[in-house]
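Let's take a walk through this structure together, one neighbourhood at a time. Have the 3D view ready as you read.

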Amino acid sequence: MTIVLKKLAHTNPVQPVADTYIISQATHERNIALERLFVEFEIKPTAVIIIEDMKFMLKTVERVNEFANRMPDERFPLSLIVKMRKEDIDAHGYNVKADFVYDYYRNKKAAFERLFQEPAHDWKMDRYETDDPERIYDTYLKVGKYSHMTEVAMFA
């Protein structure tokens, strides 16, 4: 499924309705769809944190479509990204320490990204003073389910 955003005009100028977005003229390229989101929701190129988070969270055209459909209910794009991150942690995060430990030894970066649902840059992983995945996971649980990599790194 692919999207192109098109803002609909308000039908009643006296009582405007929230902006609505529809799917039209499909595109098969995720990057094009993301660029259109940036333009449509007026996300400036200098908003690098929001853009980076969106690129990480919206990996498929379907996710871009979901974001576009949910955005009119939100005041800011970052608030929706935060909600979607929490939903992804609930749906795809680790529930068992052994799974994290196993994945950590197979692919440290992928394990961190699945645990925190955020990009695991080298500079973030370098902040950890330990290389013990059990200690990292225990600290993650102590700090909180929706904590960020850098928060957990301060205590692990």
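**Charges, helices and rings**

Start at Phe56, where the charged end of Lys59 sits over the ring, 4.1 Å from its centre. Keep in mind that this is a predicted model. A similar arrangement to look for involves Tyr146: Lys86 lies over its face, at 5.4 Å from the ring centre.

Now turn to helix 5, which covers residues 97-106. Its buried residues are Phe100, Val101 and Tyr104. These residues cover an arc of only 100° around the axis, so they fall on the same side of helix 5. On the other side, Tyr102 and Arg106 are exposed.

What do the buried residues of helix 5 pack against? Their partners are helix 6 (108-116) and helix 8 (133-143). Take helix 6: its axis and that of helix 5 come within 5 Å and cross at roughly 140°. Helix 5 brings Phe100, Asp103, Tyr104 and Arg106 to this contact, while helix 6 brings Lys108, Ala111, Phe112, Arg114 and Leu115. Sorted by class, the contact has 5 nonpolar and 4 charged residues, with no polar ones.

Finally, look at the aromatic rings. Across the whole structure, a search finds 11 aromatic pairs. In one of them, the rings of Tyr137 and Tyr140 have centres 5.9 Å apart and planes at 45°, so this pair is tilted. Both residues lie in helix 8, 3 residues apart, or about one turn of the helix, and both are buried. Tyr137 and Tyr140 also belong to one aromatic cluster, whose members include Phe100 and Tyr104, two of the buried residues of helix 5. Phe112 is in that cluster too, and you have already met Phe112 in the contact between helix 5 and helix 6.

Technical notes. Residues are numbered from 1 along each chain as its sequence is written. This is a predicted model: local features need pLDDT of at least 70, side-chain atom pairs count only at pLDDT 80 or more; totals for chains, interfaces and linings use all residues. Side-chain values use heavy atoms; hydrogens and water are left out. Buried means under 20% relative accessible area, exposed over 50%, partly exposed in between (1.4 Å probe, protein chains only). Helices (H or I, at least four residues) and strands (E, at least two) are DSSP runs, numbered from the N terminus. The arc is that of the directions from the helix axis to the C-beta atoms. Contact means heavy atoms within 4.5 Å. Axes are lines fitted to C-alpha atoms, for helices over the stretch in contact, and angles run from 0 to 180 degrees between N-to-C directions. Ala, Val, Leu, Ile, Met, Phe, Trp, Tyr, Cys and Pro count as nonpolar, Asp, Glu, Lys and Arg as charged, and the others, Gly among them, as polar. Rings of Phe, Tyr and Trp (its six-membered ring) pair if their centres lie within 6.5 Å; planes under 30 degrees apart count as stacked, over 60 as edge-to-face and the rest as tilted. A charge sits over a ring if NZ of Lys or CZ of Arg is within 6 Å of the ring centre and within 35 degrees of the ring normal.
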